[in-house]
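Reader: I should like to learn how the terms used for a protein model are justified. Please take the structure below and explain the reasoning step by step.

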Amino acid sequence: MHKRVMDTGPAETSPETSVEDLMLAVEQLVRHVRRSATAGGLSTAASSALGRLGREGPQRLTELARAENATQPNMTQLVTRMERAGLVRRVADRTDGRGVLVEVTELGEEVFRERRAERAEALGQLVGAMSEPERQAVRVALPALARAIQECS
């Protein structure tokens with residue numbers, strides 16, 4: 001059904017193969033976990049923007065577009081759709097009266113929490129289907145990868 005992650009046969013000793021296998025596993029994991037989050041019926045772009053606002057707090061539209069690797073016109077359209085859905089609102093920037101910030105509403109926070117719970121459940125099911133050595137490896141590897149990402153950012 002599925003290949004064991006912790007196979008240690010001789011064919012898996014090549015660094016190129018293991019890096020390639022790791023990349024494919026990460027891509028599959030991300031796709032699986034993303035697909036599992038259905039609350040709010042959000043697109044990937046909307047989910048990502050809502051998640052960023054939920055984690056990092058209110059942001060200017062230009063900052064949000066840059067952080068999400070989107071053009072400002074596309075982010076404006078996305079924020080407008082999310083605003084119509086009641087997930088975000090635009091508010092005056094208290095530090096600059098001319099500026100506008102995008103912030104998550106209570107409904108947006110609820111959808112953000114529901115989506116995070118759905119993703120956590122999906123990941124939990126995957127981890128639960130692993131052997132104990134595989135679970136231990138994941139508990140060590142994923143936090144290590146997260147630290148490496150933060151150090152590179």
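**Reasoning from values to terms**

Author: Let us begin with one side chain: that of Glu-134 reaches the backbone nitrogen of Ser-131 at 2.9 Å. The model is a predicted one.

Reader: What makes the pair formed by Glu-134 and the backbone nitrogen of Ser-131 a polar contact?

Author: The cut-off for a pair of N or O atoms is 3.5 Å. The side chain of Glu-134 comes to 2.9 Å from the backbone nitrogen of Ser-131, and therefore the pair meets this distance limit.

Reader: Where is Glu-134 found, and is Glu-134 buried or exposed?

Author: Glu-134 belongs to helix α6, residues 132–152. Its relative accessible area is 3%. Buried means under 20%, so Glu-134 is called buried.

Reader: Why is Glu-63 called partly exposed?

Author: Glu-63, in helix α3, has a relative accessibility of 37%. The class "partly exposed" lies between the limits of 20% and 50%, and therefore Glu-63 falls into it. Glu-63 and Leu-101 are 38 residues apart along the chain, and their C-alpha atoms are separated by 9.5 Å.

Reader: Is Asn-69 buried or exposed, and what is said of its phi?

Author: Asn-69 lies in the loop between α3 and α4. With a relative accessible area of 74%, Asn-69 passes the limit of 50% and is therefore called exposed. Its phi is near 55°, a positive value in a residue other than glycine. A positive phi, of about 80°, is also taken by Gly-86, just after α4.

Reader: How do you know that the span of helix α4 is close to the expected one?

Author: Helix α4, residues 72–84, has 13 residues and reaches 18 Å from its first C-alpha to its last. At 1.5 Å a residue, 18 Å is expected, so the span is called close to that value. Helix α5, residues 106–128, has 23 residues and reaches 32 Å, close to the 33 Å expected.

Reader: Which residues of α4 are buried, and why are they said to be on the same side?

Author: The buried residues in α4 are Met-75, Leu-78, Val-79 and Met-82. They cover an arc of only 100° around the axis, and therefore they lie on the same side of α4. On the other side of α4, Pro-73 and Arg-84 are exposed.

Reader: What do the buried residues of α4 pack against?

Author: They pack against α2 (44–56), α3 (61–67), β2 (88–93) and β3 (96–104).

Reader: What makes the approach of Thr-71 to Asn-74 at the start of α4 a polar contact?

Author: A side-chain oxygen of Thr-71 reaches to within 3.1 Å of the backbone nitrogen of Asn-74. The limit is 3.5 Å, so this distance satisfies it.

Reader: How many helices and strands does the chain have, and what share of the chain is buried?

Author: The chain has 6 helices and 3 strands, in the order α-α-β-α-α-β-β-α-α from the N terminus on. Buried residues make up 27% of its 153 residues.

Reader: What is the mean pLDDT of the chain, and over which residues is the pLDDT below 50?

Author: The mean is 87, and 89% of the residues reach 70 or more. Over residues 1–14 the pLDDT is below 50; beyond near neighbours in sequence, this stretch has 13 contacts in the model. Where pLDDT is low, predicted coordinates should not be read in detail.

Key
Residues numbered from 1 in each chain as written. Heavy atoms only, no water. Helix = DSSP H or I, 4+ residues; strand = E, 2+ residues; numbered from the N terminus. Buried < 20%, exposed > 50% of the residue type's maximum accessible area, 1.4 Å probe, protein only. Arc of directions from axis to C-beta. Contact = heavy atoms within 4.5 Å. Polar contact = N/O pair within 3.5 Å; in protein donor to acceptor, adjacent residues only side chain to side chain. pLDDT = per-residue confidence, 0-100.
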